[in-house]
Amino acid sequence: MKFLKCKEVSNKIKAKVAIIGAGPAGLTAAGVLLCDGIEVDVFDMLPEPGGLMIFGIPEFRIPKSGVREGVKELKEKGVNFYLNTRIEDSEKYDINFEEIVSKYDALLLATGAWEPRKMNIEGEDLSGVYHAAPYIVSYYLVKFGYKDSSILPRLGKSVAVIGGGLTAVDSALVALESGAKDVYLVYRRTRKEAPAGEKEISSLESKGVKVVERKVPVKFVGENEKLKYMITVDLTLGAPDHTGRPSPIPLPGTEKSFEVDSVIVAVGGKSTPPFKKNKLGIEVSEDGRVLVDQKKRTNKVGIFAAGDVESGPSLIGPAVKSGIDAALSIKEFLISRKWK
Ligand SMILES: Cc1cc2nc3c(=O)[nH]c(=O)nc-3n(C[C@H](O)[C@H](O)[C@H](O)COP(=O)(O)OP(=O)(O)OC[C@H]3O[C@@H](n4cnc5c(N)ncnc54)[C@H](O)[C@@H]3O)c2cc1C
């Protein structure tokens, strides 16, 4: 995957830019900024750049070697990577957010959407109930030898994945790869409405995953703090909701127990800026997105945002486009030297 967006690096702009987050948005922005000779420092809390392209998405969809080659080129041309470095608005993390802001001419926030959206039902904190993104990231950290397998709880023989998007599909694949024999994809609408699309769902079925439509867990039941089974209800589909898809309506009296060893909840994520709400007056929406204008500028001069941290959970293509737009806007800002 090519992140560098030019053949030759020039010395046009003398400035130093920090990028927090080395996913597709941050890496693409780095590749645009570097072309004009801007000094680019990229910070990431993980041990390898790539974000979810390395630590979330399966090989058959995004080959890791392509991402690694693109990163290698950025390094060779001069981008500095600071890995295993978490930037947060708290002394307990590696670098404090305000410290970064004070040291650079401009800053790009590209930290993605890593906070899992919870179902907010009883028993969700039991051992045996996992949230997709953190579980999958741990899975790849172990798979690539960055962490010991003790960080990864065993899923057991039967696993229910809750959700119908690509994250749910990838969770089911991780469950299969981990040795689960019975894997269920439990989705509240029908497969026709599943955001992952029919091709991905059929492909899962061909690997043995059972697709369970119009069903949702309403409670996770445990014994000694460990999941024993979940209680589900059946759903019927009503009038379209704000997404344009039919709204799932619970059918009273259809509660049933569904026995599984573990559950992976894959019902979405929330943007994760590297600071608490209202830090330095940077505007953040109710659901955690960093608010930007068309040029990816936050309301704080010199601070920009790109990718899932400003859009909410999305896809690689839009994150790449957002990274390019933000980098072009940063260049414009640096040239006009409006830094205050
Ligand atoms: C399991 C899963 C499967 C997916 N499958 C697909 C797919 O098949 N196709 C597709 O197009 N999209 C897919 N997506 C969505 C896609 O991965 C994202 O939309 C895209 O990666 C967003 O890019 P980004 O650069 O904004 O953020 P990310 O790729 O999330 O990168 C953010 C980076 O910021 C770092 N970071 C976060 N907080 C901090 C901090 N405080 N300090 C330092 N570093 C920090 C993270 O370590 C990470 O490397 C999937 C998502 C998931 C969760």
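**Notebook: ligand shell, domains and core**

I looked first at the shell around the ligand, which draws at least three residues from each of domain 1 (16-113 + 271-336) and domain 2 (115-265); the domain bounds come from an automatic or database domain assignment. This is a predicted model, in which local features need pLDDT of at least 70, side-chain atom pairs count only at pLDDT 80 or more, and totals for chains, interfaces and linings use all residues. Residues are numbered from 1 along each chain as its sequence is written.

I then listed the shell. Of its 38 residues, Gly21, Gly23, Gly51, Gly112 and Gly307 come nearest to the ligand; a residue is near if its C-beta atom, placed from the backbone, lies within 6 Å. By class I found 21 nonpolar, 11 polar and 6 charged residues in the shell. Ala, Val, Leu, Ile, Met, Phe, Trp, Tyr, Cys and Pro count as nonpolar, Asp, Glu, Lys and Arg as charged, and the others, Gly among them, as polar.

Next I checked the two domains. The C-alpha centres of domain 1 and domain 2 lie 30 Å apart. Their contact (C-beta atoms, placed from the backbone, within 7 Å) takes 8 residues from domain 1 and 9 residues from domain 2. On the domain 1 side I noted 5 nonpolar, 3 polar and no charged residues.

Last, I looked up Leu108. Leaving aside neighbours within four places in sequence, Leu108 is in contact with Val17, Ile19, Gly26, Ala29, Phe304, Ala306, Ala326 and Ile330.

How values were computed. Contact = placed C-beta atoms within 7 Å.
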